[in-house]
Amino acid sequence: MSIEELKSYRLNSMEEPTDEMLEAIMLGVQEEARQTTIKAQQELDRRFNEMKAEIERRRAERQHQ
């Protein structure tokens, strides 16, 4: 199945999708979910590291007072 065929199909269409179409759609959804999860984990890691750095900065500030 070509990308054009897949893109032309709409789930609200009156025609039933083929098994090949459903598989392609679900693989696309799977990959998109995987990428979203990776991006969310990266953002969580970034925020966690940012908070760790802020805590260290404040501790160092208090020790120098």
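Is E56 buried, partly exposed or exposed? In this predicted model, E56 has a relative accessibility of 47% and counts as partly exposed. The residue takes part in a salt bridge, described below with the others.

The protein chain has 65 residues, of which buried residues make up 5%. Its secondary structure amounts to two helices and zero strands. Helix α1 covers residues 3–8. Helix α2 runs over residues 19–63. The chain exposes about 6200 Å². Carbon and sulfur atoms account for 54% of that area.

Salt bridges were examined next. The structure contains eight of them. One joins R59 to E56, with 3.5 Å between the closest N and O atoms. Both residues belong to helix α2. They are three residues apart, so about one helical turn separates them. R59 is partly exposed, at 46% relative accessibility. E56, at 47%, is partly exposed too.

A second bridge in α2 pairs R57 with E54. The N-to-O distance is 2.5 Å. Here again the spacing is three residues, about one turn of the helix. R57 has a relative accessibility of 39% and is partly exposed. E54 is also partly exposed, with a relative accessible area of 23%. Buried would require a value under 20%, and E54 does not fall in that class.

R46 and E43 form another salt bridge. Their closest N and O atoms lie 2.6 Å apart. These residues, too, sit in helix α2. Because they are three residues apart in the helix, R46 and E43 are separated by about one helical turn. R46 is partly exposed, with a relative accessible area of 41%. For E43 the figure is 28%, which is likewise partly exposed. The pair does not stand alone. E43 and R46 are linked with R47 and E50 in a network of salt bridges.

Helix α2 also carries E31. The side chain of E31 makes a polar contact with the side chain of R34, at 2.6 Å. E31 is partly exposed, its relative accessible area being 33%.

Charge on the surface was then considered. A patch of negative charge is formed there by E4, E5, D19, E20 and E23. Two elements, α1 and α2, each give two or more residues to this patch. The largest share comes from α2, which supplies three residues. E23 is one of the patch members, and its place is in helix α2. At 51% relative accessibility, E23 counts as exposed. The class begins over 50%, so E23 qualifies with its 51%. E56, by contrast, has 47% and counts as partly exposed.

Taken together, helix α2 holds the bridged pairs R46 and E43, R57 and E54, and R59 and E56. The helix also contributes three residues to the negative patch. Each of the three pairs has its partners three residues apart, as seen for R46 and E43, for R57 and E54, and for R59 and E56.

Terms used
Residues are numbered from 1 along each chain as its sequence is written. This is a predicted model: local features need pLDDT of at least 70, side-chain atom pairs count only at pLDDT 80 or more; totals for chains, interfaces and linings use all residues. Side-chain values use heavy atoms; hydrogens and water are left out. A salt bridge is a side-chain nitrogen of Lys or Arg within 4 Å of a carboxyl oxygen of Asp or Glu. Helices (H or I, at least four residues) and strands (E, at least two) are DSSP runs, numbered from the N terminus. Buried means under 20% relative accessible area, exposed over 50%, partly exposed in between (1.4 Å probe, protein chains only). Patches are made of residues with over 30% relative accessible area and no salt bridge: like charges are joined within 9 Å, nonpolar side chains (Val, Leu, Ile, Met, Phe, Trp, Tyr) within 5 Å. Accessible areas come from the Shrake-Rupley method with a 1.4 Å probe; for residues, only the protein chains shown count as cover. Lys and Arg count as positive and Asp and Glu as negative; His and the chain ends are not counted. The place of a charge is taken as NZ of Lys, CZ of Arg, CG of Asp or CD of Glu. A polar contact is a pair of N or O atoms within 3.5 Å; within protein, one must be able to donate a hydrogen and the other to accept it, and residues adjacent in sequence count only if both atoms are side-chain atoms.
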